[in-house]
Every structure is written in structure tokens, then in C-alpha cells.
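Trainee: I would like to learn how to read a structure like this one, feature by feature. Could you give me the general idea each time, and then show me the case at hand?

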Amino acid sequence: MNKWYENLLREIRNSGERIFVHDPHGLLEDLNFHAELSDEFLIRKYESDGDLYLFFNANSNEKILVYSRKKIIRDFISKNFNNIELTLKPVFPDLNHELLNQVDVSLYQQIYNYYMELKSHGKSLDTEQLILKSVWDIDLGELYSSTNNLKYH
């Protein structure tokens, strides 16, 4: 089974040994994604400049990844880190990312599995239908179908 974050993992691994990640949608909050990264990197959430300097200096010989949901622009970061931004575009290129960003990151694997199943069969759904069907098994086509929902008296 492919992991929903595989493309993002590859992007991070190809970005060097000192990486500052702008993660506006909290994708690194997925516990499995975070765990896989922590096998290779010392990971730290950006709290303050002072905290960043201490972490950087204490771990100068390690592969480190610092992340923040806010965009942080500092000379220290641009000089010492490769900057990347995590988005869902490489994961779900055909879907509405605004809708996906409203779904908890813990549900992305379910959504990804269903998305890939549909793609392998040459089918597609709009993002809302895909989320409803993959997570809650709600089919809008059946829900609004006049023939499927007729009640006989």
C-alpha cells in the first residue's frame, strides 16, 4: 500500500540535510509521516528565533528539519536551511485542495486509497464526493436519487 505522503517524503529527502518546512496545512501532524521523517531527521517545530538558534547549534552535525505552520522569513533561515513548502498538490493533483485542507490529516490515507483506486479504473469524482465516499461511505448520487429514495405507502 502506498502512503499518501510518499511524494512529500521524497521531496523532503531530496532537499538536503538542513530543511526549514513551511507546513501551512499541518501535514506533518500525521503521526506516520512524522515518524518516518524522525528516522532520518531531528525534527523541531519552530517556536522562536532563540529556540531555533539553540537547536541548530546543538545539532550542527545532524540532519535537521524545522517546521512551522506560519511562513517565517529570517536571514538565518535562508542562509542555513533549504526552504520548502508542503502542499497537497503533489499528492492529490486533480482535487480541490481548499476542501481537502478542511479534512483532518488523519483521514488522508483513506482518501488517498480511494482516490488511487478510482484513478486506476479511469474514474474520477469531485473532491466533495470523494471525501464523503472514502471517509463516511456516503454516495451523493444515491442520496439524491429519486428512484433509490422512493418510499412506498
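Trainee: Is Phe33 buried or exposed?

Mentor: This is a predicted model, and what I say here is computed from it. In general, nonpolar side chains in soluble globular proteins tend to be buried together. Phe33 has a relative accessible area of 0%, and because buried means under 20%, Phe33 counts as buried. Phe33 lies in helix H2.

Trainee: Which residues does Phe33 touch, once those up to four places away in sequence are not counted?

Mentor: Phe33 touches Trp4, Tyr5, Leu8, Leu9, Ile12, Leu27, Leu28 and Leu86. You can also compare sequence with space: Phe33 and Glu6 are 27 residues apart in sequence, while their C-alpha atoms are 8.7 Å apart.

Trainee: Which members of the largest nonpolar core touch the most other members?

Mentor: That core holds 33 residues, and the ones that touch the most other members are Trp4, Ile12, Phe33, Leu86, Phe92 and Ile111. Two or more residues each are given to this core by helix H1 (6–13), strand S1 (18–22), helix H2 (31–38), strand S3 (64–68), helix H6 (108–120) and helix H7 (127–136), and the largest share, 6 residues, comes from H6. There is also a second, separate core of 10 residues, which includes Phe20, Phe56, Ile64 and Ile77.

Trainee: What is Trp4 in contact with, leaving aside its neighbours within four places in sequence?

Mentor: Trp4 is in contact with Leu27, Asp30, Phe33, Leu88, Val91, Val105, Tyr108, Gln109 and Tyr112, when those neighbours are left aside.

Trainee: And Thr127, is that residue buried or exposed?

Mentor: Thr127, whose place is in helix H7, has a relative accessible area of 7%, which is under 20%, so Thr127 is buried. Leaving aside neighbours within four places in sequence, Thr127 is in contact with Leu95, Asn96, Leu99 and Leu100.

Trainee: How should I read empty space, and which residues line the largest pocket?

Mentor: The general idea is that rolling a probe the size of a water molecule over the atoms shows where empty space is left. Here the largest pocket has about 160 Å³ of space, and its lining is made of Phe20, His22, Lys70, Lys71, Ile72, Ile73, Arg74, Ile77, Ser78, Asn83, Ile84 and Glu85. The elements that give two or more residues to this lining are S1, helix H4 (75–80) and strand S4 (82–85), and S4 gives the most, with 3 residues.

Trainee: How many residues of each class are in that lining?

Mentor: The lining of the largest pocket has 5 nonpolar, 3 polar and 4 charged residues.

How values were computed: Residues numbered from 1 in each chain as written. Predicted model: local features only at pLDDT ≥ 70, side-chain atom pairs only at ≥ 80, totals over all residues. Heavy atoms only, no water. Core = buried A, V, L, I, M, F, W, Y, C linked by side-chain atoms within 4.5 Å. Buried < 20%, exposed > 50% of the residue type's maximum accessible area, 1.4 Å probe, protein only. Helix = DSSP H or I, 4+ residues; strand = E, 2+ residues; numbered from the N terminus. Contact = heavy atoms within 4.5 Å. 1 Å grid on protein atoms, 1.4 Å probe; cavity = no way out; pocket = protein on both sides within 12 Å on 5 of 7 lines; lining within 4 Å. Points joined across faces, edges and corners; volume = space filled by probe spheres on them. Nonpolar A, V, L, I, M, F, W, Y, C, P; charged D, E, K, R; others polar.
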